[in-house]
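User: Please take me through the cysteines, the surface charge and the backbone geometry of this structure, giving the criteria behind each term as you go.

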Number of protein chains: 2
Amino acid sequence: VKLVAKNLPIATGDVVVAVLCERDATRLDLHPSDRIQLEYGRKKIVATVDVMQHFNGVHGKYQKHVLRCGQVGLFAEAQEKLGVLSGAQVTIKMAKKPVSIQYILKKLRGERLSREEIHAIITDIAHDSLSAIEMTYFVAGSYLHELSMREVKDLTDAMVSSGDVLRLKSRIVVDKHCIGGVAANRTSPIVVSILAAAGLTVPKTSSRSITSAAGTADTLEVLFPVTLSLSQMKNVIKKTGACLVWGGSMSLAPADDKIIRVEYPVSLDPTGQLLASIMAKKKSVSATHVLIDIPVGKGAKITNKKHALELKNKFEALGKMLKMKVEAVLTDGSQPIGNGIGPSLEARDVLWTLKGSSEGSLLLRNKSLIMAASLLELTGKAKKGKGLFIAEELLDSGKAYEKFVQIMKAQGGKEINPSQIRLARKKHHVLASKSGKIVHIDNKVMNKIARIAGAPHDQEAGVYLYYHKGSRVKRGERLFTVYSDSKERLQYALDVCKKMRGIEIT
Amino acid sequence: VKLVAKNLPIATGDVVVAVLCERDATRLDLHPSDRIQLEYGRKKIVATVDVMQHFNGVHGKYQKHVLRCGQVGLFAEAQEKLGVLSGAQVTIKMAKKPVSIQYILKKLRGERLSREEIHAIITDIAHDSLSAIEMTYFVAGSYLHELSMREVKDLTDAMVSSGDVLRLKSRIVVDKHCIGGVAANRTSPIVVSILAAAGLTVPKTSSRSITSAAGTADTLEVLFPVTLSLSQMKNVIKKTGACLVWGGSMSLAPADDKIIRVEYPVSLDPTGQLLASIMAKKKSVSATHVLIDIPVGKGAKITNKKHALELKNKFEALGKMLKMKVEAVLTDGSQPIGNGIGPSLEARDVLWTLKGSSEGSLLLRNKSLIMAASLLELTGKAKKGKGLFIAEELLDSGKAYEKFVQIMKAQGGKEINPSQIRLARKKHHVLASKSGKIVHIDNKVMNKIARIAGAPHDQEAGVYLYYHKGSRVKRGERLFTVYSDSKERLQYALDVCKKMRGIEIT
């Protein structure tokens with residue numbers, strides 16, 4: 001059957017969609033979510049069908065002028081892949097549903113999936129051949145029937161092969177990852193600089209914030225470009241032994257990001273998916289030695305120590321299966337790490353700490369040193385028990401900072417004085433309402449305040465903490481300052497401060 | 001925060017969507033699938049957020065001219081509910097996710113849901129407050145952790161209260177339903193006519209075809225209007241004691257249809273959902289006595305007798321819980337019932353059979369009589385063992401046909417001679433490739449051929465069978481005729497005849 005292409009100004013962001021009018025769909029025996037093959041010249045693509053019902057008011061999906069019978073409406077993804085202009089004739093053929101839907105149903109029934117079945121699902125996800133509803137069934141199935149470690153391993157491998165892989169010559173390639181949930185937890189730039197200064201190869205990719213006030217990529221972007229291509233990243237590593245880039249601009253384990261999108265609406269994160277997601281990102285940069293940071297505590301992602309230990313064991317077991325040396329450490333997740341929360345404020349803390357300034361954050365320094373020490377020992381760069389000493393020396397001698405500047409310059413940035421980092425002009429000091437000891441600083445609330453103030457989009461917005469847990473404060477003393485570029489957002493952030501208790505004093 | 005409304009020419013068909021640009025979304029701390037409240041004048045609505053990423057080629061969701069920062073894009077549903085024109089200022093506030101998402105997660109964890117929790121989920125689905133992904137998790141949860149009969153009962157009640165209810169004065173209200181999967185299974189018009197002729201109240205609603213060549217609503221629409229409002233339906237029942245309408249035009253148990261939409265992509269139909277879905281439609285027309293037709297056999301939905309018996313028991317148990325008399329019968333599902341497959345062909349069979357013509361379908365007559373007999377006995381209109389006798393008398397005396405004509409006229413149709421029903425002009429006879437006995441006629445294949453030929457959209461298209469199972473045919477004899485209005489579709493249907501064996505001869 002031939003239909004006339006009509007390019008629509010809509011895109012899904014991933015899945016390739018073609019729209020048919022109801023009459024044509026019935027004639028072709030097609031339903032929404034069925035698949036068709038579109039042919040134009042030599043190009044052939046498979047698209048998911050949406051069926052247009054004209055609406056007067058709200059009885060269908062598209063307005064009358066959008067599509068007529070005899071036309072096939074193409075979302076942006078289909079336009080790009082098929083390279084067709086409106087008005088051209090396109091041949092429509094029926095296509096089968098991806099066979100991976102059968103495997104998803106198999107998992108939903110509680111059966112184990114083979115390596116080949118898992119690869120088929122992940123390949124289809126990476127190629128945008130599965131719809132959000134279909135992916136949701138996969139996530140639900142993996143949540144309900146927890147994946148075996150063998151399945152998690154296969155899932156990891158499948159995610160790695162679904163995308164690009166950074167190949168490096170070094171025998172030892174080091175990486176670290178934090179499972180998240182803690183504000184101002186900006187250890188990566190410091191750890192990476194120490195390790196690279198020790199001569200290790202560290203191809204660090206970081207994410208942007210999803211629900212926090214800043215991701216490592218958002219923070220470092222204040223100082224230098226982080227959006228690099230895979231070959232640019234390789235060049236930086238060749239020059240400096242390390243890099244500090246945004247992982248999202250590359251196609252490393254791309255299926256993972258698509259799965260995360262259908263987990264978000266119900267905040268579901270099946271353990272198997274979490275393990276595979278993280279380890280796939282590490283494996284796709286060829287990491288051989290990996291440290292996983294698992295923050296535990298009130299206000300963190302994981303509040304229960306037993307649960308955290310189980311996760312640690314799973315990470316380490318998965319590491320063995322993948323032939324990687326993995327060490328997972330439980331860290332304090334009950335309060336923000338650095339003083340600043342928000343891209344610019346966190347970038348300033350990182351620089352101060354790397355330069356050994358008295359304005360640096362002690363918690364950030366200590367946590368970074370401990371993590372670097374673990375990796376120095378894991379890789380054999382330091383003997384057992386000597387890691388911390390070497391890490392301290394590399395940091396305090398300025399060698400780590402020198403390395404950081406090298407990386408910064410290789411990525412296209414230039415040195416900057418931390419006190420010259422601009423902060424938002426509008427600010428408000430939040431004072432202690434009573435005297436006493438700080439017993440809790442809530443990561444979720446502090447992140448929320450900083451986000452409402454404008455972070456991470458407004459780099460200069462955020463929160464600066466004057467105290468951490470255990471400190472004694474007097475009534476009326478400054479607890480933290482909120483920075484924002486907009487009077488309205490500042491006010492709104494202060495409303496949140498009043499409604500939700502970010503800092504508890506007893 | 002105030003943004004400027006921009007009405008977009010897109011609709012979801014159900015969920016209320018508002019689109020923000022990425023910058024505004026970040027500032028408001030909003031992510032795709034979060035909820036916001038929109039205020040315009042006195043109107044307040046809750047919408048699900050989609051975040052626009054501009055794209056060059058395919059890196060986001062909408063083309064640049066679609067939406068600017070500072071604007072909020074409204075899908076048709078939001079436009080209608082808010083009653084706003086492009087350019088007007090709309091106030092945006094954060095809204096919480098529906099609490100029912102917590103209950104969906106509870107079901108996903110395998111816990112039982114309370115009556116109130118089930119009602120909350122169904123109410124949110126009926127009000128389009130849950131997205132497809134969120135509903136999918138509910139379906140997956142009910143599939144994996146089979147609903148208890150108590151939960152099914154609560155689900156049924158919730159579906160009924162989510163929509164309109166037809167209230168009738170009769171003490172006895174009769175209904176029937178077939179779980180589907182059998183071609184040309186057009187017993188309803190005949191059963192309803194017999195029962196109404198016996199003085200029973202039969203508010204019959206039927207569906208349109210989803211995957212078959214015709215639903216009862218599609219078939220009857222050849223003869224008279226079936227799209228009635230609830231009050232029109234009530235009037236027809238008042239006049240004639242019965243009706244034969246399309247259920248989809250009314251808001252009877254509307255949540256059900258939305259759930260079915262997320263089941264289709266993976267052909268999932270959890271038993272609990274199936275039971276609740278069918279019984280809710282029956283309860284919402286106040287049925288007191290219900291017959292459920294469960295076809296079993298090769299090529300039917302249910303191929304295993306044990307499975308069919310389990311389903312029968314569940315239907316009857318659910319009936320008791322709902323205080324309805326329910327009888328479920330296992331019928332032969334291994335071949336099409338009538339001779340014609342497709343709206344016009346099936347309508348002709350129904351009329352011939354009602355009029356006692358020798359051209360009528362014997363299988364259709366017999367099955368209809370047995371079903372009518374069961375309901376006459378179930379309601380006490382006939383003594384045990386006398387139902388069939390009374391049903392035959394009502395059919396053969398012409399009283400059932402008279403009642404059918406009454407209903408037809410009350411719904412706005414007029415009498416028509418079955419041989420005057422138009423069929424598609426292009427046709428092709430499919431001949432027996434060898435002599436022998438017909439051992440199987442596959443419902444799925446015959447439906448497919450009829451659909452490809454144009455049914456149900458082209459009412460006149462379809463298939464006419466000359467023989468049923470058990471008949472002996474000679475090589476070269478006509479097995480069936482395919483009707484289509486288009487040469488191309490006829491050819492395509494014939495290709496299917498060659499590729500898939502619809503009729504097996506041994």
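Analyst: A disulfide is taken here as a pair of cysteine sulfur atoms within 2.5 Å. The model is predicted, so local features need pLDDT of at least 70 and side-chain atom pairs count only at pLDDT 80 or more, whereas totals for chains, interfaces and linings use all residues. Residues are numbered from 1 along each chain as its sequence is written, chains are lettered from A and ligands numbered from 1 in the order in which they are written, and side-chain values use heavy atoms, with hydrogens and water left out.

User: Which cysteine holds the sulfur closest to that of A:Cys243, and why is there no bond?

Analyst: The sulfur of A:Cys243 is too far for a bond, because the closest cysteine sulfur is 18 Å away. A:Cys243 is also buried, at a relative accessible area of 0%, where buried means under 20% relative accessible area, exposed over 50% and partly exposed in between, with a 1.4 Å probe and protein chains only. The cysteine that holds this closest sulfur is A:Cys178.

User: Which cysteine has the sulfur closest to that of B:Cys243?

Analyst: B:Cys243 counts as buried, with 0% relative accessibility. Its sulfur lies 18 Å from the closest cysteine sulfur, too far for a bond, and that sulfur is in B:Cys178.

User: How many disulfides are there over all chains?

Analyst: In chain A, a disulfide joins A:Cys21 to A:Cys69, with S to S at 2.2 Å. In chain B, the sulfur atoms of B:Cys21 and B:Cys69 are 2.2 Å apart and form a disulfide. Over all chains, the count by this rule is 2.

User: Is the disulfide of A:Cys21 and A:Cys69 right-handed or left-handed?

Analyst: Handedness is read from the torsion about the S-S bond, which for A:Cys21 and A:Cys69 is about 105°, so the disulfide is right-handed. The pair links distant parts of chain A, with A:Cys21 in strand β2 (residues 17-21) and A:Cys69 in the loop between β4 (43-52) and β5 (71-74), 48 residues apart; such strands, of at least two residues (E), and helices, of at least four (H or I), are DSSP runs numbered from the N terminus. A:Cys21 is buried at 1% relative accessible area, while A:Cys69 is partly exposed at 38%. The answer, given the torsion of about 105°, is right-handed.

User: How many residues apart are B:Cys21 and B:Cys69 along the chain?

Analyst: The link of B:Cys21 and B:Cys69 is right-handed, with 105° about the S-S bond. B:Cys21 sits in strand β2 (residues 17-21) of chain B and B:Cys69 in the loop between β4 (43-52) and β5 (71-74), so that distant parts of the chain are linked. B:Cys21 is buried with a relative accessible area of 1%, and B:Cys69 is partly exposed at 36%. The separation of the pair is 48 residues.

User: How many of the 10 residues of helix α7 of chain A are buried?

Analyst: Helix α7 of chain A spans residues 188-197 and is largely enclosed by the rest of the structure. Its buried residues include A:Ile190, A:Val191, A:Val192 and A:Leu195, and just after the helix A:Gly199 takes a positive phi of about 95°. Of the 10 residues of this helix, the number buried is 9.

User: Where in chain A is A:Lys323 found?

Analyst: Most residues other than glycine have a negative phi, and most peptide bonds are trans. A:Lys323 has a positive phi, near 60°, and is not a glycine. This residue is exposed, with a relative accessible area of 77%. Its place is the loop between α12 (305-321) and β11 (325-332).

User: Is B:Ala184, which has a positive phi, buried or exposed?

Analyst: B:Ala184 is not a glycine, yet its phi is about 55°. It is found in the loop between β7 (174-178) and α7 (188-197) of chain B. At 3% relative accessibility, B:Ala184 counts as buried.

User: Which residue does a cis peptide bond join to A:Ala455?

Analyst: The bond in question has omega of about 0°. The residue joined to A:Ala455 lies in the loop between α17 (443-453) and β15 (462-465) of chain A. That residue is A:Pro456.
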